[in-house]
Each structure stands twice: as C-alpha cells, then as structure tokens.
Amino acid sequence: MRRARVVVRGVVQGVGFRPFVYGLAVESGLAGHVTNTGDGVVVEVQGAAGAVDRFRARLAAEAPPLAVVESVEAGELPVVAGESGFRIVPSRADGPVRTLVAPDTATCDDCLAELADPADRRHRHPFITCTHCGPRFTIVTGLPYDRAHTTMADFPLCPACDREYHDPADRRFHAQPVACPGCGPRLRLVTADGATADGDPVAEARRLLASGAIVAVKGVGGYHLACDATRADTVVELRRRKARGDKPFALMARDVRDIEHLVHLGPVERELLTGRERPVVLLRRRTGSRQAPGAPVPAGAVAPGSPDLGVMLPYTPVHHLLLQDDGRGPGLLVMTSGNLSGEPIVTDDGQALERLAPLADAWLTHDRPIHVPCDDSVVRVCDGEPLVLRRSRGYAPLPLTLPVPVPPTLAVGGDLKNVFCLGEGDKAWLSAHVGDMDDLATQGAFERAERQLESVTGVRPVLLAADTHPAYRSAAWARRHADGRRLVAVQHHHAHIAALLAEHRVADGERVIGVAFDGTGHGDDGAVWGGEFLLADYAGYRRFAHLAYVPLPGGDAAVRRPYRMALAHLHAAGLAADSGLPCSIACPPAERRVLDAQLARGVACVPTSSMGRLFDAVSSLAGVCHYASYEAQAAIELEAAAVSAGDVAEDPRYALRLAGQPGSGAGLLTADPGPLLAAVLADVRRGVPRAVVAARFHLAVARLVREVCSAARDACGLETVALSGGVFANTLLSSACARGLREDGFTVLRHREVPPNDGGLALGQLVVAARTGAGHG
C-alpha cells in the first residue's frame with residue numbers, strides 16, 4: 001500500500017478536473033480525496049503501489065478537453081489505516097494563488113443536443129452549460145474556482161440541478177455555471193421605451209431583427225449590436241449610428257455552409273471557425289460567384305473595401321437560438337461590439353440601456369453579471385497557420401511560457417489596441433483586449449481588468465513597464481500607480497521584436513535581425529519611427545537601418561487623410577504633384593495651399609520613418625484610399641487591391657534606394673522610397689491599373705526586407721529574422737517577405753499566438769523590463 005499527495009497545476013479549475021480525478025480514482029480502486037486550492041488541484045490517493053503510479057501517469061494524459069496541465073508534482077505520505085472511498089472535499093483558499101483560470105468556450109455538442117431536444121428539461125434554455133463549455137474567465141470573481149467565487153453565486157441551485165452538481169456520474173458534476181430554467185439567469189427583451197416585452201424574448205428579438213431593427217445582445221463578455229446582415233438599409237443605419245466609418249463589421253453565420261459560397265475556406269480556417277475558441281476569422285473573399293440557392297449574401301456595406309470578411313459561428317446558447325434554422329429570422333447577422341467607436345465594450349446592464357440607447361432599438365439581456373469585459377478574438381490564416389490579430393475571448397487568460405524568468409511585473413502596453421500583461425517566473429498572462437486608451441471609459445476598464453487579472457493570477461507586481469512615448473496614457477497610468485515601484489520605459493519597436501522572441505521562446509542573449517514595421521512609435525531621436533531594422537535581443541537593440549525620414553504634416557491629420565501623406569512623400573522625394581494626380585484631386589484647394597506652406601517651412605512636420613505611412617501614401621497615389629475612417633484603412637484597401645491583381649511580376653523600377661555604410665561608423669542604412677514613388681507616379685500617369693501598382697509596391701517592400709537583412713547578415717553574421725509590427729498583419733506582405741528570406745537561407749520568426757500589432761507590445765515590455773540595466777531597458 002502507498003499514499004501519495006499529487007498537486008496538479010495549470011488550467012485545472014472550472015474544466016471538470018475534480019470530477020475527472022474522482023472517476024479515475026474510483027476506476028483505479030484508490031481511496032482518498034481531491035480539492036481545489038489556490039495552488040491548483042490537490043489530490044491524496046491511497047492504494048496498491050502500481051495503481052497509484054498508473055493514476056499519476058493518467059492525470060495529464062487523459063485530462064478533460066478544456067484542461068491544460070502544466071505540471072504534476074507528487075510526494076509520499078504515510079498510509080492512513082482503514083481509509084476507504086474517494087471524495088471531493090470543499091475547496092481551500094489558503095496559500096498562494098498559482099492556478100490558472102480557463103477561458104470562456106463555445107457551447108459543446110452535448111449541450112447543443114439538449115438545447116434542441118423538446119424532451120430535455122433544458123430545451124431552449126439560453127444558459128445551458130456543463131463542465132466542458134460555457135463562461136469561465138468573464139464570471140470569475142476570485143479563487144479557488146467555485147460557484148461562490150463566480151457571478152453565479154446569486155443563483156441557488158434547484159433540487160434537480162443540485163443532484164446533477166453532486167452526482168459524480170453526471171456531466172455537470174461540479175460545473176459552476178450550471179443552471180436550468182427553474183433556477184438560472186433570466187433572459188428578457190427590453191424595448192426602446194424601457195418596457196420588458198411579453199412572450200419568448202428570443203422569438204421577439206428574431207422578429208425585430210427580421211424587420212430591420214438593431215438589437216443589443218448581451219453575450220458572455222459584453223454586449224453586441226446585431227442586425228440582419230443581408231439588409232443594406234439596416235447595415236448602413238448601424239454604421240451611421242455607431243459612427244463606424246468604413247470599418248468592416250463582423251458576421252455571425254449559423255453554419256460553415258452558409259458562408260462557403262462567399263469566402264475561401266481551407267482546413268485551418270474551418271478548424272478555427274468550429275473550434276471551442278470561436279474567434280472572428282478573417283476569410284479572403286471569393287472573386288467569382290459560387291452562391292448556393294437560398295444562401296444568405298451580406299450587404300455590401302458590411303465590409304466595404306476589405307479583401308476579407310470577418311466571420312464567426314455561434315458560441316453561446318443565445319446565439320444558437322437567434323440563428324435557428326426555421327425560416328423566421330435572419331440566417332446571417334452583423335455582430336459588432338456594443339459600444340460607440342473608441343469606447344470599450346459595454347458589460348453593465350444599466351450602462352447598456354443608457355450608452356447604447358442611441359444605437360439600439362431593443363436589448364436582449366439577462367441578469368447574470370459579467371465580471372470582466374472580453375471582446376471577440378480576431379484571427380486570420382497566413383501560409384496555412386493561424387495569426388492572432390486580437391487575443392481575447394477564447395484565449396485570455398491562458399498564459400504563455402517565457403524563455404526568461406521575470407520578477408512579478410506589470411507591463412501596461414500601448415495606447416492603441418491596449419492589452420496589458422502580468423508576469424512572474426516563467427509565466428506571462430496577457431489580458432483580454434481593452435481598447436484605445438484615449439477614452440476615459442477605456443482607462444476605467446483598464447483599471448478594473450488589471451485588478452481582476454491580478455486576483456486570478458496571484459501576481460503582485462514589484463516592477464512596471466511602459467512605452468517610452470511621453471504622451472501615452474498607458475505610460476502616464478503606470479507613472480501614477482508606480483507607488484515606489486521601479487518603472488522601466490521600453491522603446492516601442494524593441495518591444496515588438498522582444499514580444500516575438502518571447503513567443504518563440506528564443507533564448508536570452510540570442511540576437512536577431514528584427515524588422516519592425518508599423519504606423520507610429522516613439523523613436524530615440526524624437527522622430528516617429530515605424531520602418532525599422534533592429535539588431536536586437538531582450539536586453540537591448542541597435543538600429544541597423546530604417547526608412548528615410550519624411551515630414552508628417554499635421555500629425556494625426558496626415559493619418560486620417562492619406563492624401564496628405566502622399567503629398568508629403570512626393571515633396572520629400574522632389575517629385576512634382578501635378579493637379580491630375582488622385583492625391584492632388586482629393587486634397588481641397590485651400591488645404592493644399594496650407595499643406596504646401598507647411599512642407600516648405602517644416603511647420604508642424606515631425607519627421608517619420610513609418611512604413612505604415614508609406615503604405616498610406618501609395619494607397620492615395622494609386623487612387624485606392626484618400627480618407628481613413630479607421631486605423632490602417634488605406635493599407636488594408638491597398639492590400640485588397642494587390643490581391644485582386646493576381647500574379648504580378650516584380651518591376652525593377654519599384655525600388656527603395658539604400659544609402660549608408662553598414663559596418664563603418666554608426667553603420668546605419670537608410671532606405672529612400674524616392675525611386676519607388678517615381679515609378680508609382682509614372683504608372684499612375686500611364687493609366688496602369690491600381691491593382692497592379694499595389695501588387696508591385698508589395699513586392700518592392702518584400703525585396704527591401706531581403707536586401708537589408710542580407711546586409712545585416714554580412715555585417716553581423718546573424719541568421720534569424722523576426723518580422724513584427726502591425727504592418728505584418730498584412731498576409732500578402734508577410735508571406736512574400738518570409739518566402740524570400742527563406743530562399744536566402746534565413747530562419748524566419750513570425751507571430752502566431754501573440755498579435756503583431758500593438759496588442760502584443762506588453763509581452764515585449766515585460767521581458768525587456770526583466771533585463772533592466774542593460775541596453776535600452
């Protein structure tokens with residue numbers, strides 16, 4: 001006889017791990033008990049020595065589907081005489097918090113079968129769930145993970161649910177969100193006058209949607225604004241109410257079959273759409289018509305100018321009920337975040353009725369509180385692999401394993417697409433997507449989310465990290481809350497590269513050629529960087545090359561109006577911007593006069609090396625996009641144009657001229673886009689299709705990356721290239737760069753789990769801050 005104490009750490013609470021342990025122990029003929037603690041799941045088992053060993057081996061190998069076992073530690077204990085049977089004992093809240101909380105996951109097939117079964121007591125129950133699916137992260141208020149530490153605490157179990165909860169043979173054994181129509185949360189439909197509608201709330205919501213209404217729908221991590229995606233008038237009205245500009249809306253389809261006539265679907269895309277995370281997947285549009293009879297077609301206003309459609313499948317029971325296939329409601333919905341543009345997603349019911357009043361005609365809501373906001377994740381596929389662009393619902397707060405140990409640290413991220421990061425030891429927890437920090441409501445959401453993530457990870461930061469930008473609100477928050485703790489300022493593009501190195505678990509001290517292309521980042525010289533080639537590791541970096549500086553006239557005004565960037569680039573290159581060019585036509589005459597004076601005198605013209613702004617300039621020069629109503633619109637539409645061109649050969653005229661002497665003096669190369677812009681101008685004047693111009697431009701940027709990286713290898717002997725920054729969300733460019741670099745013999749690192757945009761900055765800040773005192777820390 002032997003007795004062992006086994007501690008299982010990882011995502012092992014809220015995923016049915018204790019019921020799994022119970023069943024495994026009973027099957028193995030072992031006595032003992034299992035409990036949740038802040039340290040993980042703790043098991044004591046007693047029985048025949050061989051049975052104990054086999055039990056330990058099966059804990060990780062046969063864990064429940066939502067579990068992530070990080071470690072299994074075992075120690076010997078004295079045998080307890082006369083012990084028999086195996087029990088689940090009450091959770092303990094003593095000791096340090098080291099366990100991990102599971103993300104929210106899509107409704108499982110077993111629950112969907114019950115949802116559709118008229119004979120089941122949970123038929124059409126909007127909150128059906130079990131140990132294998134449903135809300136987790138967004139309802140957790142503390143640890144250990146028990147019902148009392150969730151927002152289900154105020155819903156006492158009815159006798160029937162209580163029996164299931166305590167029955168080891170039941171799928172809902174110790175499932176904390178378990179409920180039924182008799183004891184669970186209540187769904188209701190609130191009309192514009194504040195009254196609660198009679199009858200079935202879902203049926204009434206579907207009737208409203210079919211009639212052209214916009215309905216605010218409460219999900220697991222916040223409210224969505226939903227409407228019939230096939231009604232052009234309703235989609236346009238939602239866009240107007242939300243002040244959305246041309247930014248694409250996400251779609252929710254009931255099934256993959258409802259969208260396969262619209263987009264290209266490979267096996268990876270299908271797996272992402274149907275997996276338990278259920279992100280929004282950016283899918284490349286089909287150019288030809290493959291419409292099946294009766295298949296829904298979204299209105300053109302859903303995603304104007306985008307090469308992709310963002311699609312997700314239902315992930316909550318309410319979504320499945322809204323999209324049921326009975327001919328009484330829409331089969332394809334717009335599902336966009338419930339907020340005004342620039343504000344965080346709404347989670348509070350009172351605020352939803354107030355803040356969404358100008359946007360929604362009705363509210364499909366319920367009384368289960370959302371403890372922490374969690375917006376939809378966004379993923380696209382690049383070269384057959386997932387590329388996470390927004391890591392939120394379904395992924396947060398799963399930790400990343402770090403290649404370098406870090407002290408308890410909080411990295412606050414950037415101001416756009418804010419995501420913060422907590423880390424300790426070899427673990428880092430990225431928060432869910434917070435949003436843009438220029439709004440007071442977003443800053444409040446940041447504070448609440450930071451407190452909640454500290455509570456569920458147990459990390460108590462002794463070190464803070466932030467961007468070097470002097471005006472970033474995230475950095476200002478860190479300064480206000482430092483409270484005597486050390487604050488490390490991390491350069492923006494160094495953080496991008498360090499995040500990618502950490503994601504790939506590159507060893508400490510290993511330098512790479514980092515290509516950091518984005519729109520805006522504060523440079524060491526006070527300029528706006530964004531087209532950078534860095535020789536970097538976690539401890540520091542050296543700038544090896546960059547795009548030549550051009551004036552950024554009027555700052556944000558140039559970002560919102562790409563034609564200004566086009567005219568600034570032509571001015572810097574000494575190229576005449578005649579009145580017939582698309583960018584000249586787009587610029588109002590009075591503004592053009594002011595802009596010319598600005599450029600001539602250098603007034604309000606910060607120098608920038610931004611690759612994102614070069615994309616803007618070419619987009620306007622080619623006549624693709626002159627006004628940006630959302631971030632990176634000009635670049636996204638330029639990519640769409642390039643994709644539509646098909647196979648286009650490289651044009652040697654499209655070139656960026658390298659200048660400088662790497663290896664001597666500062667060793668700094670500059671890439672002058674003048675020759676490229678001259679070629680673009682010549683083609684535009686000759687009437688070359690804008691799609692061909694866009695494709696040639698993408699190939700030219702990829703060739704620049706190859707040339708500079710080859711020069712860096714010759715100068716420094718480095719063989720690994722890391723591609724990071726928001727520009728590399730462009731899969732056409734990313735694929736071309738990676739393909740060319742591999743042909744040249746480089747090892748290429750690209751993002752997969754962590755966004756290449758500013759949503760990944762905090763991870764880089766975290767690992768750089770851990771190496772304080774070295775390089776540019």
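**Close-up 1. Here is the end of helix H19 in this predicted model.** Just after H19 comes Gly-687, with a positive phi near 85°. The helix itself covers residues 674-686, 13 residues in total. From first C-alpha to last, H19 reaches 18 Å, close to the 18 Å expected at 1.5 Å a residue.

**Close-up 2. Now look at the buried residues of H19 and what covers them.** Gly-674, Leu-676, Leu-677, Ala-679, Val-680, Leu-681 and Asp-683 are the buried residues of this helix. Their cover includes helix H14 (562-573), helix H17 (611-621), strand S27 (669-672) and H20.

**Close-up 3. This view turns to the largest nonpolar core, with its 76 residues.** Val-515, Phe-517, Met-611, Leu-676, Val-705 and Leu-723 touch the most other members. Helix H20 gives the most to this core, 14 residues. A second core, separate from this one, has 62 residues, including Phe-17, Val-41, Phe-55 and Cys-158.

**Close-up 4. Here are the contacts of Val-515.** Setting aside neighbours within four places in sequence, Val-515 is in contact with Ile-497, Glu-532, Phe-533, Val-705, Cys-709, Val-721, Ala-722, Leu-723, Ser-724 and Phe-728.

**Close-up 5. Last comes the second largest pocket, holding about 450 Å³ of space.** Its lining has 21 residues, and those closest to the centre are Val-648, Leu-699, Leu-732, Ala-736 and Arg-739. Helices H18 (633-644), H20 (690-716) and H21 (731-743) each give two or more residues to the lining. H21 gives the most, with 7. By class, you will find 9 nonpolar, 5 polar and 7 charged residues in the lining of this pocket.

Methods. Residues are numbered from 1 along each chain as its sequence is written. This is a predicted model: local features need pLDDT of at least 70, side-chain atom pairs count only at pLDDT 80 or more; totals for chains, interfaces and linings use all residues. Side-chain values use heavy atoms; hydrogens and water are left out. On a 1 Å grid over the protein atoms alone, a cavity is a set of points where a 1.4 Å probe fits but cannot get out, and a pocket is an open set with protein on both sides within 12 Å along at least five of seven lines; lining residues have an atom within 4 Å of a point. Grid points are joined across faces, edges and corners, and a volume is the space filled by probe spheres set on the points. Helices (H or I, at least four residues) and strands (E, at least two) are DSSP runs, numbered from the N terminus. Ala, Val, Leu, Ile, Met, Phe, Trp, Tyr, Cys and Pro count as nonpolar, Asp, Glu, Lys and Arg as charged, and the others, Gly among them, as polar. The expected span of a helix is 1.5 Å times one less than its number of residues. Buried means under 20% relative accessible area, exposed over 50%, partly exposed in between (1.4 Å probe, protein chains only). Contact means heavy atoms within 4.5 Å. A nonpolar core is a set of buried Ala, Val, Leu, Ile, Met, Phe, Trp, Tyr and Cys residues joined through side-chain atoms within 4.5 Å.
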